[in-house]
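This report describes ring contacts and one sheet in the structure shown below. Please have the sequence and the model at hand while reading.

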Amino acid sequence: MQILKFGGTSVANAQNIKRVKDIIKSKSQNQPLIVVVSAFSGITNRLEQVANEASKSSNTYLNGINEIEAVHKEAISQLFSNLNSQELHTQVNNLISKLKEVCQGVSFVDELTPRTYSQIVSFGERLSSLIIAEYVKLELEETTLLDPRAFIFTQNGTSYVDFGKTNEAIVSELKNCRGVNICPGFIASSKAGHLSTLGRGGSDYTAAIIAGALDASILEIWTDVSGMMTADPRIVKRAHVINKISYEEAMELSHFGAKVIYPPSIMPVLKKKIPIQIKNTFEPEHPGTLISEDSNGSNTIIKGLTSIKDITLVSLRGPGMVGIPNFSHRLFRALSSAEVNVILITQASSEHSISVAILPEAVETAKEAIEAEFELEINVGKVAPLKIKMGLSIIAIVGNKMQDQVGVSGKMFNTLGHNGVNVVAIANGSSQRNISVVIYTKDLKKALNSVHEAFFLSDTKSLNVFIVGVGNVGATLLAQIKAQQSYLYEKHQLDLKVVGLANSQMMSFDSDGISLDNWEHTLAEGEPMGIDSFIAKMSELNLRNTVFVDNTASEAIASTYARVLSESISIVTPNKVACSSSYENYSHLKELEQKFRTKFLFETNVGAGLPVISTLNDMVKSGDEILDVQGVLSGSLNFIFNTYDGTRSFASVVRQAKEEGYTEPDPRLDISGKDVMRKLLILAREAGNNLEEAEIKTTPCVPEHCMEFEGEAFFEALEKEEAFFKAQYETAQKNGKKLKYVAKFNAEEASTQPMEVASDHPFYHLDGKDNIVSFKSRRYFTQPLVIKGAGAGAEVTASGIFADIIKSANT
């Protein structure tokens, strides 16, 4: 004997019923079947509306009944020819007439009793089972329509099943049945012989009750999905089917929003250890999910992630609650009397407060019940007025193997914290099979996706990147990302998407990722750029694992870093403005990085793609003390000094450096030494020193008055000083030395200045646009640690930015 159950979507229309018939035909070849069916999709909801309309003495209920009749007759017309549907039409008409009579009675007395309500909502299953049975009978003559009122019995006035009487009746009525037996779900009979129902989702329960009583080999529940999922696929795109899951895990997931099965339906089969197979009516070959006694050897710590959207947290608190018995009892008694369903409970160990999560529509009822129960305590100040917090949701992770695994909750909270998701309340069942947290609904999508990734339920981790600045370095960065996206996805399971782009004029966004094949066109078709609007859009999208990349030299954009970090968005930037601003601002940004568990990465502030700052950080973190820093920190100035040989003007070499992208957009920042000063300041601070810009002595490599000119006038001023530059060069050559622009920092000195270096100096052989940095420390005292390599250019700078972006994903 095999038991099958088909849900409302599986029998929603004629086309779906044809699919159901094919499945039944295939399954019935080797054994008798009992097939439990739900009402057509949406019909039970419509019947509830009909009942409520009738109870208000409104004839509008007739419109609903007419709609219900039309849906079922449309199915009949598509499934049957006129010749073999006359008797069926008569039976359907009789049921519709009966439904109208019941509703008319409700309308007359202006009252809807529970018993009458059950009668009305039962017509969905009564109609669907009749039509399906007659249709199956066209091909399988040995098809019988069962009446569950003959063998499923409830306690009077409730949906509680009398299992003793029910099991005995099922064995008597169904043990020896043959062929295909179609049974309407949801319907039962009270002890008094009146029609009763098993509650919403009761068709699953019907099937499980029958399976348990008959010791069926398996219970198959056919629905519109291919099994239980690791998360809601409408929210988490990388959710996948759980192949095997235990009864307990399935019940936990079902309670917290996974609607594939009705939670009580597991109990009758759990007692008999009968497995449940969740199957997809629209993909019958898919194996689906097997629910059985255990997790069947899976190594996954958590089996699934589920949620309940839009709940309200009601909190009772006050000093009068501490150490006083019965407060919890009175609270739950009041809620029970008011028929308010409690979804989650959390209480502080101090006993100062207790909170319950309920549905928003029950808030007023709950508030009235609790305030009435604690009226005296509230009036005298022992209990504070109720605190009601709305706009919340619950997410829960579920898994049997969480019980003995250290760090599961820590990993969950770390992931939520890193993504800026605030936890409002926490509940952890004594079974340690479920950890539930209450969060704000606005963070639900981000929370579900980030936690799903964190527990390796997803094959890949998403990284959502917003980029401001698409000039020379920015465009090169985009080209590098485009070239490497497939590699990162396939080899490192990192799904890096550029979801926001902006230049000084326009900005564009796409949460699914901007195509990097034609990003220029996408950006040109975007919306006007404003940094406040850009940040607001980042916040509005509220994506997980988000990185803001600033490729500009803008002070205005650098001034927004605190806001960005406070949104739990990481920052990657070559822009030196923020880290070389006041020490107060620099340290504030570092504090925000820690507070909001984000990343503030600026490796390319010094040495482009060279690992200068990261090496310095590693030395300091490991306990080393930096004693002296020296370096040629400007690739552009090194290029200029290495290229200038007196055969052409110094001004023309500076122009070449700008054209080839080695200098800042305004080359005066390089020539003045201010850019090098900023880099030295950043290194000193990263080494642990409280240093301000004014404390660094900076000597420009050109006469001071040249710095007063802008644009083309600046180059003209340099041309007029060619004799000065040529004299400097020839003096150095005469002394057997080379000119380098050197930065120094130690206990006695902080300076940047042009220097002549001899052939035995490490800086003498520094070629092209290379940088070099020397760190002398307690550990590297006799022989300083030296980092040398290309320190300017779009390719290496973009590479350094790209590396920081990837680092931001490693949390």
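How many aromatic pairs does the count come to? The count comes to 16 aromatic pairs, where rings of Phe, Tyr and Trp (its six-membered ring) pair if their centres lie within 6.5 Å.

## Basis of the values

This is a predicted model, in which local features need pLDDT of at least 70, side-chain atom pairs count only at pLDDT 80 or more, and totals for chains, interfaces and linings use all residues. Residues are numbered from 1 along each chain as its sequence is written, and side-chain values use heavy atoms, with hydrogens and water left out.

## Aromatic pairs

A pair of aromatic rings is described by the distance of the centres and the angle of the planes. Planes under 30 degrees apart count as stacked, over 60 as edge-to-face and the rest as tilted. Phe6 and Trp222 are a stacked pair, because their ring centres are 5.8 Å apart and their planes stand at 25°. Phe6 belongs to strand S1 (residues 2–6) and Trp222 to strand S8 (residues 219–223), so this pair ties together parts 216 residues apart in sequence. Helices (H or I, at least four residues) and strands (E, at least two) are DSSP runs, numbered from the N terminus. Both Phe6 and Trp222 are buried, that is, under 20% relative accessible area (exposed is over 50%, partly exposed in between; 1.4 Å probe, protein chains only).

Phe80 and Tyr135 form an edge-to-face pair, with 5.9 Å centre to centre and 85° between the planes. Phe80 is in the loop between helix H3 (61–79) and helix H4 (86–109), while Tyr135 is in helix H5 (residues 114–137), 55 residues apart. Phe80 is buried, at a relative accessible area of 7%, and Tyr135 is buried at 10%.

## A six-stranded sheet

Two strands pair if DSSP finds at least two bridges between them. An open sheet of 6 strands follows the order S13-S14-S12-S15-S17-S16, with antiparallel pairing. Strand S13 (344–347) and strand S16 (423–428) are at the edges with a single partner strand each, so one side of each has no neighbour in the sheet. Strand S15 (residues 387–398) and strand S17 (residues 434–440) run antiparallel and are joined by 7 bridges. Val398 stands opposite Asn434 in S17.

Helix H14 (residues 444–454) packs on the sheet and touches strand S12 (304–317), S15 and S17, contact meaning heavy atoms within 4.5 Å. The direction of H14 makes about 125° with that of S12. Axes are lines fitted to C-alpha atoms, for helices over the stretch in contact, and angles run from 0 to 180 degrees between N-to-C directions.
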